[in-house]
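Please open the model in your viewer and keep the sequence panel visible. The stops below are meant to be followed in order, with one selection at a time.

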Amino acid sequence: MKALKALSLIAFVSLATPLLAEDWSGAYAGFSFGYADADGPKGSGDDDLSFGLHAGFDRDFGNFVLGGELEYNRLSLDLGEGEGSLDSVSSLKIRGGYDFGAALGYVVVGAARADSTVDNDTAAVYGIGVAYPVNDRLIISGEALRQEFDDVTRSNGTLDTSIFNLRTSFRF
């Protein structure tokens, strides 16, 4: 019974305490570590770890945050079936999100550039993410991105890629 009262008190205090608004305005840069998956023509494809760098700037408009970001993801995806390999994906993204107080939920849209052993291609990138400030200078986040490239494989088919990153960013 005491545990139930304690849990009730904790729930009441946490619900009654107003959320502290985070100021997301400013420049940031960081690194990411994640997982990439690519599906190509003729059953080709691969999945493996990815790592990368990113830099951007956000502007906080109260509950809404708008920003831009440049990101580079290093990949080593051997597509198999004689289709070549996907070596990296670079993205220029616009992100917009809602400030939930302790976290920022956002969507991204932009352009991505794939570099492969066969050819390079530019495609749209879109995705979702959530960011959480650990302190005034350190942010951890997770992001899921999707791209659909044409003509980067030997058989010139579509290469669908998904990248899931855990990110650490430092504010300036």
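The tour goes from the whole chain to strand pairs, then to the core and to single residues.

**The whole chain**

This is a predicted model, in which local features need pLDDT of at least 70 and side-chain atom pairs count only at pLDDT 80 or more, while totals for chains, interfaces and linings use all residues. Residues are numbered from 1 along each chain as its sequence is written, and side-chain values use heavy atoms, with hydrogens and water left out.

Colour the chain by pLDDT, the predictor's confidence in each residue from 0 to 100. The average for the protein is 89, and 88% of the residues score at least 70. Now select residues 6–19, where pLDDT stays under 50. For this stretch the model has two contacts beyond four places in sequence, a contact being heavy atoms within 4.5 Å.

Switch to a cartoon view. One helix and eight strands make up the secondary structure, in the order α-β-β-β-β-β-β-β-β along the sequence. These elements are DSSP runs numbered from the N terminus: helices are H or I with at least four residues, and strands are E with at least two.

Of the 172 residues, 41% count as buried; buried means under 20% relative accessible area, exposed over 50%, and partly exposed in between, with a 1.4 Å probe and protein chains only. Among contacts with a separation of 6 or more, 56% are between residues 24 or more positions apart.

**Strand pairs**

Two strands pair if DSSP finds at least two bridges between them. Select β4 and β5, which pair in the antiparallel sense over 13 bridges. Within this pair, Leu-92 stands opposite Ala-111 of β5. At the turn, four residues lie between the strands of the hairpin, and Gly-101 takes a positive phi near 95 degrees.

Add β6 to the selection. β5 and β6 are also antiparallel, over twelve bridges, and three residues separate them in their hairpin. Gly-105 has Val-130 in β6 as its bridge partner.

Move on to β8. Twelve bridges join this strand to β7 in the antiparallel sense, with Glu-143 partnered by Asn-165 in β8. On β1, which runs antiparallel to β8, another twelve bridges join the two strands; here Ala-29 stands opposite Phe-170.

**The nonpolar core**

A nonpolar core is a set of buried Ala, Val, Leu, Ile, Met, Phe, Trp, Tyr and Cys residues joined through side-chain atoms within 4.5 Å. In soluble globular proteins, nonpolar side chains tend to be buried together. In this model the largest core has 23 residues, and those with the most contacts inside it are Leu-86, Val-89, Phe-149 and Leu-159. The elements that give it two or more residues are β1 (26–39), β3 (64–78), β4 (85–99), β5 (104–116), β6 (120–133), β7 (138–149) and β8 (159–171). The largest share, five residues, comes from β5.

Centre the view on Leu-159. Beyond four places in sequence, its contacts include Leu-86, Phe-149, Leu-79 and Val-152.

**Single residues**

Which residue's side chain makes a polar contact with that of Arg-95? Select Arg-95 in strand β4, and Asp-58 appears as the partner, at 2.5 Å between side chains. A polar contact is a pair of N or O atoms within 3.5 Å; within protein, one must be able to donate a hydrogen and the other to accept it, and residues adjacent in sequence count only if both atoms are side-chain atoms. Arg-95 counts as buried because its relative accessibility is 7%. Gly-67 is 28 residues away in sequence, yet its C-alpha is 5.3 Å from that of Arg-95. Tyr-28, Tyr-106 and Arg-167 are among the other residues in contact with Arg-95.

Next, select Thr-153, in the loop between β7 and β8. Is this residue buried or exposed? Thr-153 is buried, since its relative accessible area is 0%. Its side chain joins that of Glu-83 through a polar contact of 3.3 Å and reaches the backbone nitrogen of Gly-157 at 3.4 Å. Further contacts of Thr-153 include Pro-41, Leu-79 and Val-118.

Finish at Ser-76 in strand β3. Leaving aside neighbours within four places in sequence, Ser-76 is in contact with Asp-46, Asp-48 and Leu-86, the last of which is also listed among the core residues with the most contacts.
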